[in-house]
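Biologist: I would like a close look at the interior of this protein, taken slowly and with the values spelled out. Please begin with the aromatic rings and go on to the enclosed spaces.

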Amino acid sequence: MTPDLDSLRLLVLVGELGSLGRAAERLGVAQPSASKRLATLERALGLVLVDRGRRGSVLTPAGVVVGERARRVLDEVAGLLEGAEALRSAREAGLRVAASMTVAEHLAPGWIAELRRHRPELRVGLRVTNSETVVGLVRDGAVDVGFVEAPGALAGLSTRRVAVDRLALVVAPGHPWARRRRELTAAELAAVPLVVRERGSGTRDTLDRALPDACPPALELGSTTAVRGAVVAGVAPAVLSVLAVGLDLADGRLVEVPVALDLRRVLRAVWPGGRRLVGPAAELVAAATRRSSMGP
């Protein structure tokens, strides 16, 4: 049986929200119906996808993998619908922006909102992908400006620092490291398989530079949300942006482990080299820099 899209959305939401009830509410269905839908999906796939406990519902390791693939299917369907809408409207965005996932999920909405307060008529198109793809889109002229987490030089592009982010080593509360007070050394961390993002993401590039001799990962996933879900499920530790796990740390779903590494990184705006950034693109970069300098 081919899973229906609503079942896949439900599974993804359970992973994100840590609660079957909240996932059902988000989809506008009753919790018993949502539970039956998940059970049907599990029978169809022959896998246990959700661990239902007193503190909520979390994805099992198998559920994390299936959930990540479900997310890709849903993203493809969303892309198809967005493409159809673009063809129907036959209009281009007034400002074309691409941003890496951490930036797009946690920072860019505020920057765009500030820009549109001064330019309410402006139509902004935002593409969300990893840092490597953002760079390619800028080089190809497919977007006017991009925002990346990737460290290192970017040949042929102009860049400007807009913010600083910090990565943190996080584990589930039941992990042995959750009670650790002494800093992990780089060698100790490199010897442990981690859940990581795909190659090409800024988070992965920063981690690879910090741990060039790291052992093979426990699991490689295509989104920060999926990595976070895998850590909550107890698959393995991960290194993630504090922007992405701040609420989990505050609520006790994840625990930060001290590590003897400087995992700060610069978030940058990028645009084609040799060009002066003007108009809405320049205003967006200015808004990003201004909001970041103000702090949380």
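How many aromatic pairs does the structure hold?

Modeller: This is a predicted model, and the structure holds one aromatic pair. The two rings belong to W111 and F147, whose centres are 4.9 Å apart and whose planes stand at 55°, so the pair is classed as tilted; the angle falls short of the over 60 degrees that would count as edge-to-face. Because W111 is part of helix α6 (residues 108–118) while F147 is part of strand β5 (residues 145–148), the pair ties together parts that are 36 residues apart in sequence. Both partners can also be placed by their accessibility: W111, at 2% relative accessibility, counts as buried, and F147 is buried with a relative accessible area of 2%.

From the rings we can turn to the enclosed spaces, where the structure holds two cavities of 30 Å³ or more. The largest cavity contains about 90 Å³ of space, and its lining is made up of V12, G15, E16, L59, V64, G67, E68, R71, T225, A226 and G229. Two or more of these lining residues come from each of the elements α1 (5–17), α4 (61–89) and α10 (224–232), with α4 giving the most, namely four residues. Sorted by class, the lining of the largest cavity has four nonpolar, four polar and three charged residues.

The second largest cavity holds about 50 Å³ of space, and around it lie V195, V196, R197, T203, R204, L207, V227, V239 and L240 as lining residues. Here β7 (195–197), α9 (202–210) and β9 (238–241) each supply at least two residues of the lining, and by class the lining of this second largest cavity has six nonpolar, one polar and two charged residues.

One further residue deserves a place in this account, namely T224, which lies in helix α10, an element that also gives two or more residues to the lining of the largest cavity. With a relative accessibility of 4%, T224 counts as buried, because buried means under 20% relative accessible area. Leaving aside residues up to four places away in sequence, T224 touches T102, R197, L240 and A244; among these partners, R197 and L240 also appear in the lining of the second largest cavity.

Definitions and conventions
Residues numbered from 1 in each chain as written. Predicted model: local features only at pLDDT ≥ 70, side-chain atom pairs only at ≥ 80, totals over all residues. Heavy atoms only, no water. Phe/Tyr/Trp six-rings, centres within 6.5 Å; stacked < 30°, edge-to-face > 60°. Buried < 20%, exposed > 50% of the residue type's maximum accessible area, 1.4 Å probe, protein only. 1 Å grid on protein atoms, 1.4 Å probe; cavity = no way out; pocket = protein on both sides within 12 Å on 5 of 7 lines; lining within 4 Å. Points joined across faces, edges and corners; volume = space filled by probe spheres on them. Nonpolar A, V, L, I, M, F, W, Y, C, P; charged D, E, K, R; others polar. Contact = heavy atoms within 4.5 Å.
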